[in-house]
Amino acid sequence: MKLSEIVQLLNCETLNSVDDSNPEIASVGAADLMSDVLAFGGPGMILVTGLNSPQCVRTASVVGASAVLIIRKRNVPETTIELAKELQMPLLHARMSMYKACGILFEKQISDALEEGKQID
Amino acid sequence: MLSRKGSRLTERNVDDLLEKLRGLFSDITAKDIMVTNIISLTKDRTMWQAKELMRICKISGVPIVDNDNHLLGLVSIEDIILALEGNHITDPIEKHMTKDLITFAPDVDLEGLIERFNRYRYGRFPVVDSEGRLLGIISKKDIIGAILDKFRIIYVHDARRKEVLERNVDWFDRSLISGDYVEKKSADFLFHIDYTEVDMAGVGSAKLKSYLKTRTDDDSLVRRVSIACYEAEVNVVIHSGSEGYIYAWYDESVIRVRVEDYGKGIENVEQAMKEGFSTASDHVRELGFGAGMGLPNMHRYSDKMVVVSEARKGVVVEMNFYRNGRK
């Protein structure tokens, strides 16, 4: 799935450049626990998280994720946005609940990155 | 192989070892451990052929199967000896193989395996599916191999730690894996972890990742190194209460990473190696860390890992990543 489709589906705010040049999203990994992402996350996934510190972007970058989607009512800190620019990590922000965001993506039958990672493990 | 220099593994200390480890590895099952490339024979072959096969392939037992791979019996060295003594070595296998076999289902867990090994005292057991088809063979050696493979650190770490601590050498100057003196100045990559803000954690690993990308196209290798190093760096920041260093040496076949700090150290490394064990504060947990996955994750992604620590003296984590490593 294209990142731009996810932007539309979830009515996301795009915090840095998101366009058709972004890689396809192969899977979704939802977690607030960065260690779980490190353990089971993989290339090509979009990280969906309630965490809005720079850590989530750094973790996503380390595991080779394609994008980060922050689910939060409040704004995303500047430091996080800055880091996403620096690491060239597409960063999205959706003001809805984690349940709803994941539900919408789940309906599109995108595979579960963290669950698959566990199986490989 | 396992114990201290000069002494050999005996049946007794293998049993002790298995006993100690059984709780730790409850998710290992027979199918994870069994050897699957098995040499088997059909029942119409002769005992002589079985003997020759065992001699040439250096194996101590041959499973006998039908054309659909259903397990019919097993020829052991004992059966061969009996056949030689009784002068029926040229008979078909069918007449002299052991037919009354104890087999394992593929989903028997480690605890069950150890229990059966203790109860029946055979050297090896066939693993069969619900229809009796042969899937693999398990020997005690395979169990130990699987355990070491899954948790390579336990042994290396224990032995090396004992050695370095008892000889009172400064383990900050020695490779925990090779035992050689570490020429830190020769490191291809150096990062000083001189911050205490959890928000910054990972800066050094991100730099290491960029550096490695300039050296190799092997993305999966770079990824493994970065993830493991990231966990180590986070540990320095959230646990040590001190500064630390990341060293990395790049080689064609292996990337070596060493992360050290001079902080409060790990009281109990075995405990820290368990998934879910953590001493992190609530603040750290809110930031998505401190779930007790740090050391287990480093172990998961590295090919060799040794941790040495002593309370109030700091921690040294050394990890090797081989180009042709696991993942």
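Which order do the five strands of the open sheet in chain B have? Keep that in mind while you set up the view. This is a predicted model, in which local features need pLDDT of at least 70 and side-chain atom pairs count only at pLDDT 80 or more, while totals for chains, interfaces and linings use all residues. Residues are numbered from 1 along each chain as its sequence is written, and chains are lettered from A and ligands numbered from 1 in the order in which they are written.

**Stop 1: the sheet of chain B**

Select chain B and show it as a cartoon. The strand order is 5-6-7-9-8, with antiparallel pairing. Two strands pair here if DSSP finds at least two bridges between them; helices (H or I, at least four residues) and strands (E, at least two) are DSSP runs, numbered from the N terminus. Now pick out the edges, strand 5 (189-193) and strand 8 (304-310) of chain B, each of which pairs on one side only. On average, neighbouring strands of this sheet are turned by 10° against each other, direction ignored. Angles run from 0 to 180 degrees between N-to-C directions, with axes as lines fitted to C-alpha atoms, for helices over the stretch in contact.

Next, highlight strand 9 (residues 314-322) of chain B: seven bridges join it to strand 8 of chain B, and the two run antiparallel. Within this pair, find B:Lys304, which stands opposite B:Asn320 in strand 9 of chain B.

**Stop 2: helix 9 of chain B**

Select residues 203-215 of chain B. This is helix 9, which lies across strand 5 and strand 6 (244-250) of chain B and runs at about 170° to strand 5 of chain B. Zoom in on B:Ser210, a residue of helix 9 of chain B. Is B:Ser210 buried or partly exposed? B:Ser210 counts as partly exposed because it has 13 C-beta neighbours inside 10 Å. The cut-offs, with C-beta atoms placed from the backbone, are 20 or more other C-beta atoms within 10 Å for buried, 12 or fewer for exposed, and partly exposed in between. Draw a C-alpha to C-alpha distance from B:Ser210 to B:Val222: they are 9.0 Å apart in space and 12 residues apart in sequence.

**Stop 3: the sheet of chain A**

Move to chain A, where six strands form an open sheet in the order 1-5-4-3-2-6, with mixed pairing. Its edge strands are strand 1 (13-14) and strand 6 (111-112) of chain A, each pairing on one side only. Then select strand 3 (residues 45-49) and strand 4 (residues 67-71) of chain A, which run parallel and are joined by four bridges. Here A:Leu47 stands opposite A:Val68 in strand 4 of chain A.

**Stop 4: two loops of chain A**

Go to A:Asn11, in the loop between helix 1 (3-9) and strand 1 of chain A. A:Asn11 is not a glycine, yet its phi is positive, about 55°. A:Gln109, in the loop between helix 5 (98-107) and strand 6 of chain A, also has a positive phi, near 60°. A:Gln109 counts as exposed because it has 7 C-beta neighbours inside 10 Å.

**Last stop: confidence**

Colour chain B by pLDDT, the predictor's confidence in each residue, from 0 to 100. Chain B averages 82, and 85% of its residues score at least 70. Among the elements of chain B, strand 6 has the highest mean pLDDT (93) and helix 8 (residues 153-166) the lowest (51). The model scores ipTM 0.80 and pTM 0.60.

Terms used. Two residues are in contact if their C-beta atoms, placed from the backbone, lie within 7 Å.
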